[in-house]
Amino acid sequence: MLNFDYFNPTRVVFGKGSIQRLGSLLPADARVLLLYGGGSAERNGTLAEVRQALSGHVVHEFGGIEPNPRYETLMRAVALVREQGIDFLLAVGGGSVIDGSKFVAAAAPYQGDAWDILSSLGQVVKSALPLGAVLTLAATGSETNHNAVVTHAASQTKAFFASPLVFPQFAVLDPEKTYSLPARQLANGVVDAFTHVMEQYLTYPVDARVQDRYAEGLLQTLIELGPRVVREPADYDSRANFMWTATQALNGLIGAGVPQDWATHLVGHELTILHGLDHAQTLAVLLPSMLEARRVGKHAKLLQYASRVWQLNEGSEDERISQAIAHTRTFFESLGVKTRLRDYGIGLSDIDALVRQLEVHGMTALGEQGDVSLTLSRQVFEASL
Ligand code: NZQ
Ligand code: ZN
């Protein structure tokens with residue numbers, strides 16, 4: 001039975017030249033902090049356009065937010081916000097900058113130890129600064145959702161929180177700003193968006209027909225466009241369609257009222273922390289083995305996926321499921337994202353430490369049925385070698 005509370009307050013301004021609209025999206029008297037990453041937004045001209053659009057505002061800047069944004073770095077931004085009486089945050093970048101800005105938004109007004117925000121998964125967040133996002137990398141969906149992932153380097157933890165108070169007020173999406181992305185980041189974006197859909201779709205049926213058809217449409221769009229986006233010179237229409245697909249993959253709509261998995265994501269965090277894999281590389285490695293290891297619990301949805309997404313209708317049920325999982329792996333590989341741990345220099349002897357990390361982080365009963373135990377995660381790592 002469908003039963004849910006769906007809420008997404010983010011206004012999306014999409015298209016060529018949309019950064020010019022920023023001036024009118026921000027309150028006229030806002031004291032703005034512009035947050036960005038390691039320099040790509042400077043190099044591709046996005047920051048220049050943003051500064052121009054904000055010329056009537058008081059603007060401070062904080063650069064240097066790294067991929068997998070670090071708690072330690074973000075706390076420096078929190079100090080700047082407090083010092084300068086900033087009252088609006090504008091994130092310019094990919095998921096890392098946007099997530100990092102969400103954390104800063106929640107941490108700046110927080111009176112206690114800011115780590116509480118992450119350890120409570122966002123429960124302690126009672127207020128946050130308003131924020132907006134200018135997206136330069138289509139992948140995470142962070143621009144229109146209320147999640148943030150933050151890395152605490154000292155304790156080797158990739159932590160996360162969610163709060164309705166950190167939904168961006170607006171998201172500016174100009175597909176041309178993605179033209180400067182290297183193939184690796186484009187491919188990562190396709191894999192991340194694809195896996196976001198799978199984590200919400202490929203569980204067990206609950207007769208959520210709109211969510212299912214919508215998810216299948218997003219997957220098919222990624223299968224159709226992904227290779228073109230990664231390999232061919234940038235063209236507006238494919239970048240625009242890809243950008244919109246990635247946003248919708250994690251804006252809450254396809255996940256409304258349905259069981260959700262997220263085991264691939266949560267197990268993948270340990271590969272990023274211990275071995276430095278990009279977020280999407282962890283997903284490309286783990287998703288096919290996760291599906292394989294859990295094919296009994298996911299049987300009905302795997303068959304639906306095989307038929308509706310890959311048009312696999314011949315052969316026994318088991319054969320169709322095996323083929324669908326193989327197609328998933330081949331799709332990731334076709335984008336240039338490797339799907340085996342050995343491709344990243346990780347071997348059997350590394351698995352104990354990965355499983356230990358999962359235990360330390362309490363990741364012992366994951367997935368839509370809570371059946372992804374440490375034993376199952378170990379099996380998934382071994383099958384991913
Ligand atoms: O730092 P700069 O110089 O800006 O370079 C970035 C970075 O090196 C570069 N880049 C971004 N836009 C560019 C560009 N390079 C050229 N041209 C452009 N237009 O790309 C690199 C990766 O950026 P990053 O923001 O780290 O990538 P992504 O958007 O994939 O974000 C990954 C982070 O998001 C989290 C991940 O865990 C990870 O920390 N996630 C957040 C989610 C959410 N909030 O809902 C869900 C996701 O599952 C994910 O976990
Ligand atoms: Zn992801």
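Let me begin with a helix pair in this predicted model, where Tyr71, Leu74, Met75, Ala77, Val78, Val81 and Arg82 of α4 meet Gly100, Phe103, Val104 and Ala107 of α5. Sorted by class, that contact has nine nonpolar residues, one polar and one charged. As for the geometry, helix α4, residues 71-84, and helix α5, residues 95-107, pack at an angle of about 50°, and their axes are 9 Å apart. Because angles from 35 up to 65 degrees fall outside the parallel and perpendicular classes, α4 is oblique to α5, and α4 passes α5 in a right-handed crossing.

The second pair I would like to show is helix α11, residues 279-293, with helix α15, residues 374-383, which pack at an angle of about 125° with their axes 9 Å apart; α11 and α15 are therefore oblique to each other. Here, too, the crossing of α11 past α15 is right-handed. On the α11 side the contact is made by Leu286, Ser289, Met290 and Ala293, and on the α15 side by Leu376, Gln379, Val380, Phe381 and Ala383. These residues divide into seven nonpolar and two polar, with no charged residue.

Now to the metal: which residues coordinate the zinc ion, ligand 2? The donors are Asp192 through OD, and His196, His265 and His279, each through NE2, at 2.0 to 2.1 Å. Along the sequence, these donor residues follow the spacing D-x3-H-x68-H-x13-H. Distant parts of the chain are linked by the pair His196, in helix α7 (residues 183-201), and His265, in helix α10 (residues 263-275), which lie 69 residues apart. Both His196 and His265 are buried.

Technical notes:
Residues are numbered from 1 along each chain as its sequence is written. Chains are lettered from A and ligands numbered from 1 in the order in which they are written. This is a predicted model: local features need pLDDT of at least 70, side-chain atom pairs count only at pLDDT 80 or more; totals for chains, interfaces and linings use all residues. Side-chain values use heavy atoms; hydrogens and water are left out. Donors are N, O and S atoms within 2.8 Å of the metal (3.2 Å for Na, K and Ca); water is not among the atoms, so sites may look incomplete. Helices (H or I, at least four residues) and strands (E, at least two) are DSSP runs, numbered from the N terminus. Buried means under 20% relative accessible area, exposed over 50%, partly exposed in between (1.4 Å probe, protein chains only). Axes are lines fitted to C-alpha atoms, for helices over the stretch in contact, and angles run from 0 to 180 degrees between N-to-C directions. Angles under 35 degrees count as roughly parallel, over 145 as roughly antiparallel, 65 to 115 as roughly perpendicular and the rest as oblique. A crossing is left-handed if the near helix is turned anticlockwise from the far one by less than a right angle, and right-handed if clockwise. Contact means heavy atoms within 4.5 Å. Ala, Val, Leu, Ile, Met, Phe, Trp, Tyr, Cys and Pro count as nonpolar, Asp, Glu, Lys and Arg as charged, and the others, Gly among them, as polar.
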